[in-house]
Structure formats: C-alpha cells, structure tokens
Amino acid sequence: MFDLATLDQDDLHGGSSPWARHARRVPLVHLQQSIRCDVVVVGAGITGALVAEHLTRHGLDVCVVDREQPGLGSTVASTAMLLWEIDKPLREFVISHGFERAAQIYRQSAAAASGLQALISDLKIDCNARANPSLYLSTEENGPRILLEEHELRRRAGLPGEYLDHQAVRSRFGMAREAALMSSGSADVDPVMLSQSLLAVAASRGARLFDGQASDFDASATEASIELDNGKIIAAKWIVLATGYALPDFVRSDLHSLASSWAICTPPQQLSAIWPEDALIWEASESYLYARTTVDRRIIIGGEDETEIVEPNERDALIAVKTERLLAKLQRLRPEAMPVAEFAWAGAFGKTIDSLPMIGRVPGRPRMLGAYGYGGNGITFSFLASRIIGDTINGIDRTDYDAFSFERD
Ligand SMILES: Cc1cc2nc3c(=O)[nH]c(=O)nc-3n(C[C@H](O)[C@H](O)[C@H](O)COP(=O)(O)OP(=O)(O)OC[C@H]3O[C@@H](n4cnc5c(N)ncnc54)[C@H](O)[C@@H]3O)c2cc1C
C-alpha cells in the first residue's frame, strides 16, 4: 500500500473532468521568512477554502498553504452534487444510533447543504450554482418497501421529501424504476469555481496564500506550527488540516479507507435528453450510480465504485472500461441522451465505516483540528467542517456534533 500522506494531485485523479476548463491559476506566494498568524490551514481545496472564508469572516489572521494548485486535488474530480442525503440511509442510522441521534445527524447534514447554498448566494459567488431536487431511485436490492420506510423515517425527522411510486417516477421523470424519493434542498455547482472564488474572498479579507508542502506539524497545548519544505515555519494558535484524501499518518483511523470512483461527462445534449428539474439522481445501492446535468446541458454520470482498486495507475487504467459501462447505464437511464463521453475521469474517494466524515480535534494534538473522511457528500460535509472548526476556534464546544468527531466510538 502506498503512503497516503504523499498522495499528490496526479494520484488523486486521472483522466480529465469538465471543471478543469474553468480553473484559474491561484497566485500562491513562496514564503521567504518564518511568520506567525492566528490559524494556518493546510490544503486549499474546497475544504480549506470554506474554512479560510469562514475564519476570515470572523476577523482571524489566516494563512493557507498548498503544495499544488488549489482546487485541482480531489475537488476537480468531484461531480459536485451538493446533497444533504448521506450515503448511508436514515433507516440504517436509526439502527446504529437510535432514532433521535440519527434524525439529528440527517438534520445537521440538511442544514449544511442549505447553509452552503446561502453562503454562495450571500457572497454572490459565480460557480454555476443551481438549487435542484434530488431523486433517490429504488434498485433491485432496495425496492419500494425500503424506500417507503426511509420516507416515513425522514418525514418523522422533519426532513423534506415525497415518495414516488412506479407510475409517478415514469410520468414525472420518464424513468423505469419501481419507486423513488424526491427531495428538495440540494444543489449543484462547478466545484473548482466555487473553491477558487472562496479563496479569493478569504484573500480579499487578508488571508495569505502560500505554496509549499507542510511536512512537520507541531501542536502542543499552548502553541502550534508547521514547517514547510523550504524550512520556513508558520507559527499559529491553531493548525487546521484540510489535506483531503492525503492523510498525515497521525490522523489515520480504522474508521477510514480509500476507494475509487469513475465518472463521465457528455457533450451538450438536446433539451429533450435532460430530465425534469435537473434533479440530482442517485441510487439506493452500495455501488450506486449518480447523475446530474450542467448549466450547458451536459450529463455527468458516475459510480462503478471499487474498494479493492485504489492504486492510481490501476484505477486510471480502467477509465476506458468504466466509460463504456457508464455510457451503457446512461442509455438505460435516459435513452434520449446522446451516449458520448467528452470527459472521462477517475478519482480517489474516502469512505468511513459509518459514512460520516471525521471533523474536529485531532486526538493527542490539542491545537490541531482536521476535516477528513468524506464520502459522497464531501462538499456538504466540508461546509459542516468549516462551521464546527470555526466554533471550536471561537471557544464554542460543539458536543452536538460528536457523531462526526475523530474519537467517536
Ligand atoms: C469521482 C468523485 C466524485 C465525487 N462526487 C462528489 C459529489 O457529487 N458531491 C460531493 O459533495 N462530493 C463528491 N466527491 C467528494 C469531494 O470531491 C471531496 O470530498 C472534496 O473534493 C474534498 O476536498 P478537499 O478540499 O478536502 O480535498 P482536495 O481538493 O484534495 O484538497 C486538498 C489539498 O491539500 C493539499 N495538500 C495535501 N497535503 C498537503 C501538505 N502536506 N502540504 C500542503 N498541501 C497539501 C493538496 O495539494 C490539495 O490541493 C467526489 C469525489 C470523487 C473523486
């Protein structure tokens, strides 16, 4: 197994995604002398960008460090469906956590999805954001009975959503499935435009953006610092780790493992090929299919996840085979669509055994906070991470988010 800490952007994804077209070069400064700040954020993907935006909003002196170009790590490989529905259904959380706790976790995720949309709108961020419903489709393993049970639990938890039977799915979406849950509150974006714009907002409030690899992390009870590969030190009151799936060894956890996912994006389609309301589609299945549209009427479809194949060359060698499979699935889902892949890519994907990320204090390192272990809701959870981390730094103890902590049992 390769060293997770050294996963660079070429390891994180292969092939090409449509978002790279809109990436700008973010100016990063090479640090010439050791400095001091309130918070140093390591990693400038969507997680680091959200954290930097939030902390500078609170007037903190923030430095952000990235060893490569911001936004071009896992963020550029994302299909960027901002769902509040978690990879693990509410009914499974009810079994593992009890109803009240499970409902709270789902409501926290829903609040994060709407908080992120409100932030994009407040800051007038140009990232092709659209609010759209999600459509959770039944599969052979999880049919109408299971979806109905899920719907009832969601309703009890105060979450939005409508149960669609076979006929309703067919008449409203032209899709041949036994059932689906349609819910409001989700959105989609261009994730690179979003993360780079958030960094620009943070920089306009005084955040300093540096290039360099943080290789030495020191966080005692009273102070914290990182050392960059050029030997310069950034001392801070807090270190925030937002290095995505590149995990320093001291944050590794038995909860977390790496997987791979593949996705394609078609050329712009005829209007008739686009399904109603540009719904975000995903399946009630372990290795689910997910699909969305874009503002320029393309279709993105992904899935084919593998937990056994994580080595980057092996993963990327499968892009052609997975593309064919995804195109065949697109034809089944939407026969009207032109089954052509203009972009095809593969990406590393983090998973935890309970499908929740690890956010908050890094065990044994008092002045270090981290945000890791994102599955399908990576970006929604990055927003949640920025709020939990912001509150901790501002002295507010968020025990209501214990289900996301590094040390949960
Ligand atoms: C195929 C695919 C589809 C996905 N679809 C979705 C989806 O639809 N919805 C969703 O919400 N999520 C989705 N995700 C997950 C989402 O993309 C990730 O959760 C998210 O992009 C992680 O962002 P990040 O900022 O934490 O990591 P990254 O974007 O990888 O950023 C981390 C940064 O840290 C830097 N770095 C690492 N180590 C160091 C170091 N030691 N020193 C300095 N810099 C360092 C890296 O260079 C990198 O720029 C998907 C992921 C994949 C692969």
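Of the 38 residues around the ligand (a heavy atom within 4 Å of it), Thr47, Asp66, Thr75, Thr79 and Ile379 come nearest. The model is a predicted one, so to read the numbers: local features need pLDDT of at least 70, side-chain atom pairs count only at pLDDT 80 or more, and totals for chains, interfaces and linings use all residues. Residues are numbered from 1 along each chain as its sequence is written, and side-chain values use heavy atoms, with hydrogens and water left out.

Back to the ligand and its polar partners (N or O atoms paired within 3.5 Å). The side chain of Thr75 puts an N or O atom 2.6 Å from a ligand oxygen. Backbone N or O atoms turn up too: one of Arg67 sits 3.2 Å from a ligand nitrogen, and one of Ala80 lies 3.2 Å from a ligand oxygen.

As for the overall layout, the domain assignment (automatic or from a database) splits the chain into domain 1 (4-77 + 192-254 + 355-404) and domain 2 (131-181 + 255-352). Their C-alpha centres are 29 Å apart. Contact between them (heavy atoms within 4.5 Å) takes 25 residues from domain 1 and 24 from domain 2.

Between domain 1 and domain 2, about 1,900 Å² is buried, 57% of it from carbon and sulfur atoms; this is accessible area (1.4 Å probe) lost on putting the two parts together, summed over both. Across that interface, 10 residue pairs are in polar contact, both residues at pLDDT 80 or more; within protein, one atom must be able to donate a hydrogen and the other to accept it, and sequence neighbours count only if both atoms are side-chain atoms.
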